[in-house]
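Here is a friendly walk through some labels you may meet in this structure. Each turn asks where a label comes from, then checks it.

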Amino acid sequence: MKSPARGLFAQRKVVLPVKGMHCASCVAKVEAAVGGVEGVRSVSVDLPSRTVDVSFDDKPGLDRMIRRAIEKAGYDVLGETRTRTEAEALSLHEQEEEQRVLMLRLQFSILLAVPLLAAGWLDLSPYTALLLAIPIQVWGGWHFHEGLVRSAVRGTADMNTLVSLSSWAAFLYSAYVVIFPETMPAAARQPQWDAVAGLIILVTFGRWLEAKTRGKTNEAVAKLMRIAPKTARVVRDGKEQTIALSEVRVGDVVRVRPGEQVGLDGEVVSGFSTVDEALLTGESLPVEKSPGSRVFGGTMNKTGALELRVARPGSESALARIVEAVRTSQATKPQIQRFADRAAAVFVPVVVLVAVSSALLWSVYGREPKILMALTALVSVLAVACPCALGLATPLAVIAGMGRAAELGIFIRNAEVLEEAGLLDVILFDKTGTLTQGKPKVVETIVAKGELDEMTRLAMGAELRSEHPFAPAIIAFGHYRGLIPADVESFEAFPGRGVLVRAEAKTIRAGSLAWLKEEGCAVPQERLGHHSAGSMLGVCADGDFLGAFVLADQLRPSAPEAVRRLVSLGLEVVLVSGDRNEVAYKVAEQAGIGRVFSEVLPEEKASIVERLQGEGKKVAMVGEGFNDAPALSKADIGIALASGTDIAIEAADITVMNPDLRALVSAVALSRRIRRVIRQNLFWAFAYNIVLIPVAAGALFPFFGVMLKPEFAGGAMALSSVSVALNSLRLRRKHGPEES
């Protein structure tokens, strides 16, 4: 239920670490409990990390109501945090303690189970066997029984309900046989101590192993957190001092010595070095840094000393934002998991019904001793059926896959992107800064009126605030000639077209020739038509065409191979560029792209995406500039290069940190692998229950005389969750040439 007065309140978000969630039915219950609180806008439960993301109206006392709703559902809230990192830290501590206790209970149960299972060989009395079984059942299985009680109090059922009921059924039957043997038929006087001990030990071992395996899926993010530096050397008042990273301010100058890790994002103010950015980009080759170069927190300085001016606080560094983005994306759910959650919500009651029905059936139609057959069917069905695998199928694959993506320098906004990635038909590339290196240089100038230096000064002033890749080239060309930019009074950008400024009492336009013509500037096309070697940026002053700069950019060395690999994945590759026909087609030919849209405006790029979508195709757009944002937002999947503008990255679903375009292939291929593993996990989770529940109920007995023993049923249940975890862990390995 959502608040009808939503618009009256600001939105607030918290991440709650919750104790006691173990299966998909737990997820459904918590989401239903929190979602039913008036004022809650959205709720998402992440089972592997045992955290709950809640967005709600910022009303007094609503946070306490949310906590009470979770506690009323039978779970414990460990604290209230605003970030996933803090919540997972609390949850991780609790899970580590839970693992320790599980191992203690497991060792204790095994110690007592050895003489219990060898009671006949050791010639132990039935009462001694009962005394050995009591602590195994009560203390060894306490975590299951506690869950049963909580579920019963709130009128629901979950995995703990199934395990506890099955073990109690076997234990109470065995105890009754020991204490009142004369009331039972001779053939039925068979205590089921192997079922009791086997169930408790195997299911507890499965839960412990599942928890250990589950922890490995998140190693990539844990690694990022471990290696993040904690201090920095700051120069203040001419003195160097080492302070906590959290105390460093924007604008501070930080010194980084050779072999040290860079703590924060910033710009080099002095020094020359190479920096290993593999942590963020996956690229193994160090990158040269000099004054003016950008550096990122978490990277490793190699050869020289650097002084950096801090651009962002530590909490907003590239590393911190990446960690938070990965954690957030791991907590989201693709559509298919929502179906699994709905199925799990009704799963346990159905299993209990099947167990009771099969027990009643065998008690009437079974072979003697009928009561023993009925008990075996009841206990086995309860033991074999578990919604754990359903609950873990998607989140474990997402966590492992997103972690692998992070190692490759690929950041996927949310798990829903995976649904689209597996269905892509077309991938569109922007040209400048995407297929090309984005560092064009002025290779020729054309002066139509006045002096070159005057035209250059005005162009420098116009481009000084522009985010277009041509801007640095114009400014660098002017500095090379020893010029100072013209003073600008006003500035207005027209994405994909150019800029309009007021400078030195003149109206200056600098941009594409087509735009200048639209604005009434007389462009002498006959003087410019033979220049096909590069792109052009024209300059007009008060309507007079002053001339143009011819700029050339280099194709990224990895572009041809990336295009070839994308085509091999079954994708159609298309170039979409605002540049002239001659330049766009030349770049497409070099990259191996057969279809080209040239001389298009930013809104036309979005229209091309819509046109292809109208043909029934799933479309991805790859870009890095301000003018690519509309197309990135419109595409089914927007892919941005981290070297691009912030607005392009914000509009994208996938961000690639590595400048090597082959990382794009890895992004697409890995997204497909994650999607495939999710479907494999869900298939086997459903298939496991569809096959084994009838077997546990005795479906094979009329034909083959086979009944599934309860202890084997418990072992199979534990194995189902572990198999899902192990299948997800395959995503952590390097797979195929697309990740080379």
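Axes are lines fitted to C-alpha atoms, for helices over the stretch in contact, and angles run from 0 to 180 degrees between N-to-C directions. Helices (H or I, at least four residues) and strands (E, at least two) are DSSP runs, numbered from the N terminus. A word on sources: this is a predicted model, in which local features need pLDDT of at least 70 and side-chain atom pairs count only at pLDDT 80 or more, while totals for chains, interfaces and linings use all residues. Residues are numbered from 1 along each chain as its sequence is written, and side-chain values use heavy atoms, with hydrogens and water left out.

Q: What makes α13 and α26 roughly parallel or roughly antiparallel to each other?
A: Helix α13 (residues 370-384) and helix α26 (residues 662-697) pack at an angle of about 165°, and their axes are 8 Å apart. Angles under 35 degrees count as roughly parallel, over 145 as roughly antiparallel, 65 to 115 as roughly perpendicular and the rest as oblique. The two helices are therefore roughly antiparallel.

Q: Which residues make the contact between α13 and α26?
A: Contact means heavy atoms within 4.5 Å. On α13 the residues are A377, S380, V381 and V384, and on α26 they are Y688, N689, L692, I693, A696 and A697. These residues divide into eight nonpolar, two polar and no charged. For that count, Ala, Val, Leu, Ile, Met, Phe, Trp, Tyr, Cys and Pro are nonpolar, Asp, Glu, Lys and Arg are charged, and the others, Gly among them, are polar.

Q: Why does L382 count as buried or exposed?
A: Buried means under 20% relative accessible area, exposed over 50%, and partly exposed in between (1.4 Å probe, protein chains only). L382 has 4% relative accessibility, so it counts as buried. This residue sits in helix α13 and touches L162, L165, S166, V352 and A355, not counting residues up to four places away in sequence.

Q: How do you know that C521 and C540 form a disulfide?
A: A disulfide is a pair of cysteine sulfur atoms within 2.5 Å, and the S to S distance of C521 and C540 is 1.7 Å. The structure holds one disulfide. C521 lies in the loop between α19 (513-518) and α20 (525-528) and C540 in strand β20 (residues 535-541), so the pair ties together parts that are 19 residues apart in sequence. Both C521 and C540 are buried.

Q: Why is the disulfide of C521 and C540 called left-handed?
A: The torsion about its S-S bond is about -75°, so the disulfide is left-handed.

Q: Why does E98 count as buried or exposed?
A: E98 has 18% relative accessibility, so it counts as buried. E98 belongs to helix α3 (residues 84-117). Among the residues that E98 touches, leaving out those up to four places away in sequence, are H22, R50 and R207.

Q: What makes D542 and E599 stand out by their phi?
A: D542 has a positive phi of about 50° although it is not a glycine, and E599 has a positive phi of about 55°, again without being a glycine. D542 is in the loop between β20 and β21 (544-552), and E599 is in the loop between β23 (595-597) and α23 (602-614). At 46% relative accessibility, D542 counts as partly exposed. E599, at 46% relative accessibility, counts as partly exposed.
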